Amino acid sequence: MQTRASETLLRRTFLLGTIGGTTLGLIALDPRQAAAANVTLLETGSSLLYPLFNLWVPKYTAMHPGLRITTQSTGSGTGIAQAVSGVAQIGASDAYMSFGQLKKSPGILNIPLAISAQTVNYNVPGLNDKNLKLSGPVLAGIYGGKITKWNDPEIVKINAGLTLPDHGITPIHRTDGSGDTFIFTQYLSFSTPAWGNGVGYGTTVSWPPVQGGIGAIGNPGMVQACGQTPHSIAYIGVSFHDQIAKAGLGTAPLQNRAGNFVLPTPATVGAAAGALEGKTPPDERISLIYAPGANSYPIINYEYAIVNSKQASPEIAAAVRDFLTWAVDPSGGNAPEFLDAVKFLPLTPKIADLSKRQIAKIG
Amino acid sequence: MSVSQAALEFPRLRGRRIRTRIGWVLSVAAFVLVAAPLADILILVTVRGLSAISPELFLKATNGISGGLLNAIVGTFVLSGGALIIGVPIGVGAGIYLAEFGTGSFGNVVRFLSDVLTGIPSIVLGYFAYITMIIGLGWQFSALAGAITLAMMIVPYMARLTELSLRQVPLSLREAGYALGAPERKIVFRIVLPPAMPGVLTGALLALAISVGETAPLIYTAGWSNYVWNGKLTHEPIGFLTYVIWSFINQPFATAHALAFAAAFLVVLVVLVINVSARLVLFART
Amino acid sequence: MHAKPFRIGTVCLAALIPGMLIAVVLFLALYSWPAIQFNGVGFLFRTTWNLGNLYADPVMVRGMQVPIHAQYGILVFIVGTLATSAIALLIAIPVSLGVAIFIAEGAPPHLRPTLSLIVELLAVVPSVVYGLWGIAVLVPLIAHYIAPALNAVLGFIPFFAGGSPTGFGLLSASLVLTLMVVPIITATVYSALLQVARPDKEAAYALGAMKFEVAVRAMLPMVRGSIVGAVILGLGRALGETMAVLMVSGGAINYLPHTITTPISTMASFIVSQLDSAEQDPTGMAVRSLAEIALVLFIITVIVNVIARMITRGLHVGLASRA
């Protein structure tokens, strides 16, 4: 009695499974979905560049039937590693490759695609709408555990006219490896020698133990943690400007190399990019942090495509070349319709030109 | 019994009654403690994902930051289905061995290592698969590697839960079968397994839930694809719903967030549907 | 004896489990061997984890190429892993047993499928969603209500004294793990309770026991084997969980927790968060050290399982069958 029932059970399960599988199979094999592709490209890496790639790819592939591009957000390190190993054709990274990495894998191109920036945001009750000024050494002190209260003399010194609360600071950093950490810690390193020689910079750093300091995951995690924690401070990518505004966080004017406190605007970011345009070498590996200039915003960087100059086949190489050329062109990927949505800045003409020259080397 | 002895009984009875009442209250409280967060999670997911729920979700693939989830839905089915196809037979087979024949030292070793295997973080299995299958065997991102990794995760659960379930079946049933001269295969499949089916099914549904809900190992094995799976087991990445949850929630676009919660909603819905239909099929025979 | 194909078949399938485990462990051991040599035994007792300067030239230390300032120590993560798993199990075991008893014996029979479905739904929620819910709901709950309450009631014990915590920390990670472990234990124990033979239950009733006493005093001991097995599985899940813990634990690095609301990191979640940056290390020592963390976690899992088995043997568990 039981045995016949379990056979019926098995048969019914098998039937259900077959019906389900066939339905899915029919949907999946629908020619409209699985377009016969000539070339498939894989882009992976930086989570900062991911939103922009997701705006580019649908537009570009619509113009080029037969081309499939898949985008992934995995992190700059993975982007570099998979571009080097050939698993991905385009690796996205917020950091250029180091000498050590290049020595290990020669022939890898670091091609800037756009310019991004970062804001330092805080949540101090009553002061979120009054731009609380911060400098590199002050931030290094906060994240290093030396400056523990908002009314510390160092902070008061640069904020004459503001009443700062006698309350502990909760510094928030990124737990996951991230380009945001990379550029933030570069700012700390370049502006504060003690930090530069100590903790240094990287997509992950050995954060000094600070009473109450917490790590958050991803930029939205930073926004949320900062918004939920009074008297906290966080560094957040500029693409999240709308979320920052919605959470009611304050944005800090940062002290640049010339000593002035500037907010991130297209003008100040553009000033920094312009100041270092001339110093950018042909291989375009340069940090834009702490740029000179009276009006320069100190935390900006190139967003890189890491591409192997030797691709698997001429068709793939041509597809990558065409896509990247379109991406850096002001009438293509670098047009306002794409960059404004993520609050990036376009490459200056000279840099776009250098990028195009590097792209030509892909073969 | 004398009257005085009977009188002594009452306070103890009263104590037992009180303790029993407290016991039931506590167990109901435990249930509420567990059901409340669940309800909250489901409400959160439904409310935030509502704006993205539309028929389009099931008909189109992801289009960058918006669009549909067809590629992810198909991918999740393929990966979890593959994991179950590979993992359940191995797990149930191992569980049968452990329950029926595994009283010796080899059985103890397998049991022990099975429990240890559940403790290995999924990211480690994912990275192991990445080095051995994606790069070592040259499969690149592939559905097969993803399914195998998921299967590795669920086999120990299936094995142990099958074993525990089979162990609950009385020895007398087995002895009756042996006494009738039935071969071992028939005893297991016709006599011992059927009453243990609810437990095995529980194990399989748990395994399904675990494999549908995994993210980290699949990022390193299945990769991700913006396009619906074309049937290739290797050399072709495949999408899955949990990737959408993990990655899209980190984007600055509201459409992406809605899609992430819609994906979470779908994950729960898909497993719920399978859970319910499996029980219906099971109860159809009673 | 003639060969028994069925038995041999099941043996082969069962042998795949140790096979898989050995393959993974061998891989980890071989891959992390240079890191093991570089880090030494201090790896387990150092609290400092520093990937070093990945953008400067590597230096030669103790005969191996590593980045400048690179130092690897995982005491923080070992403590985080053990603490979260211990607290999670401490809460999950009584709660799961209570729920299982409630569904199996306390609730009306026609409600049982629905109630057990509710519990199994907890297992279905992806771990990322637990993380999202944790950040949105659990963390503020702890910051504003639970931690102050603990401070008020148990504040004389330093461990429970909290200042103004952010909510991200040991408690939130443990509670999230509890929610993920409960369905495993509950579903298994519930299944086992259903399979308890009627005559055994009736014998307990015949002795004059009340329903609750039958459930707790008579039935639970009968399914002792399932309970222990389920708890060990739940422990495995807790030790290996990554995503949800990653999002609510506060990502502590370089310091040990001193209260229940201090941020922590677990070994599994740390591997996930560091893997991407570790891949940028041209010497490869960072990824190998992560593999070493996985190896240490494996060894800890083995030790914990051995201890659990010793406890089991102490409870005299055998084949839970009745003639």
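This section describes chain B of a predicted model, then its two domains and its interfaces with chains A and C.

Chain B contains 11 helices and 2 strands. Along the sequence, two helices come first, then the two strands, then the remaining helices, in the order α-α-β-β-α-α-α-α-α-α-α-α-α. The radius of gyration of chain B is 24 Å. The globule rule gives 19 Å for 286 residues, so chain B is more spread out than a compact globule. Along the principal axes, the C-alpha atoms of chain B occupy a box of roughly 85 × 50 × 35 Å.

Two domains are assigned in chain B: domain 1 spans residues 1-52 and domain 2 spans residues 56-285. Their C-alpha centres are 33 Å apart. Each domain of chain B gives 8 residues to the contact between them. About 640 Å² is buried between domain 1 and domain 2 of chain B, with 82% of that area on carbon and sulfur atoms. On the domain 1 side, Val45(B), Arg48(B) and Ala52(B) account for 64% of the buried area, more than any other three residues. That side of domain 1 holds 4 nonpolar, 3 polar and 1 charged residues. Between the two domains of chain B, the count of salt bridges is 0. The count of residue pairs in polar contact, both at pLDDT 80 or more, is likewise 0.

The interface with chain C comes next. Here 91 residues of chain B meet 94 residues of chain C. The area buried between chain B and chain C is about 8,100 Å², and carbon and sulfur atoms give 78% of it. In chain B, the residues that lose the most area to chain C are Trp24(B), Phe31(B) and Gln168(B), together 9% of what that side buries. Between chain B and chain C there are 2 salt bridges. One of them joins Glu184(B) to Arg7(C), with the closest N and O atoms 2.7 Å apart. Polar contacts between chain B and chain C number 5 residue pairs, both residues at pLDDT 80 or more. Helix 1 of chain B, residues 3-49, supplies the largest share of the side that touches chain C, with 20 residues. By class, this side of chain B has 64 nonpolar, 17 polar and 10 charged residues.

Chain B also touches chain A. The contact involves 39 residues of chain B and 41 residues of chain A. About 3,400 Å² is buried between these two chains, 61% of it on carbon and sulfur atoms. Tyr227(B), Pro252(B) and Val281(B) lose the most area to chain A among chain B residues, together 18% of what that side buries. A count of 1 salt bridge is found between chain B and chain A. Glu236(B) pairs with Arg68(A) in a salt bridge, and the closest N and O atoms are 3.2 Å apart. In addition, 6 residue pairs are in polar contact between chain B and chain A, both residues at pLDDT 80 or more. The elements of chain B that give two or more residues to this side are helix 3 (70-101), helix 5 (122-136), helix 8 (184-212), helix 9 (216-221), helix 10 (241-248) and helix 11 (254-283). Helix 10 of chain B provides the largest share, 4 residues. The side of chain B that touches chain A comprises 26 nonpolar, 10 polar and 3 charged residues.

Note on methods:
Residues are numbered from 1 along each chain as its sequence is written. Chains are lettered from A and ligands numbered from 1 in the order in which they are written. This is a predicted model: local features need pLDDT of at least 70, side-chain atom pairs count only at pLDDT 80 or more; totals for chains, interfaces and linings use all residues. Side-chain values use heavy atoms; hydrogens and water are left out. Contact means heavy atoms within 4.5 Å. Buried area is the accessible area (1.4 Å probe) that two parts lose on being put together, summed over both. A salt bridge is a side-chain nitrogen of Lys or Arg within 4 Å of a carboxyl oxygen of Asp or Glu. A polar contact is a pair of N or O atoms within 3.5 Å; within protein, one must be able to donate a hydrogen and the other to accept it, and residues adjacent in sequence count only if both atoms are side-chain atoms. Ala, Val, Leu, Ile, Met, Phe, Trp, Tyr, Cys and Pro count as nonpolar, Asp, Glu, Lys and Arg as charged, and the others, Gly among them, as polar. Domain bounds come from an automatic or database domain assignment. The radius of gyration is taken over C-alpha atoms; the globule rule is 2.2 Å times the number of residues to the power 0.38.
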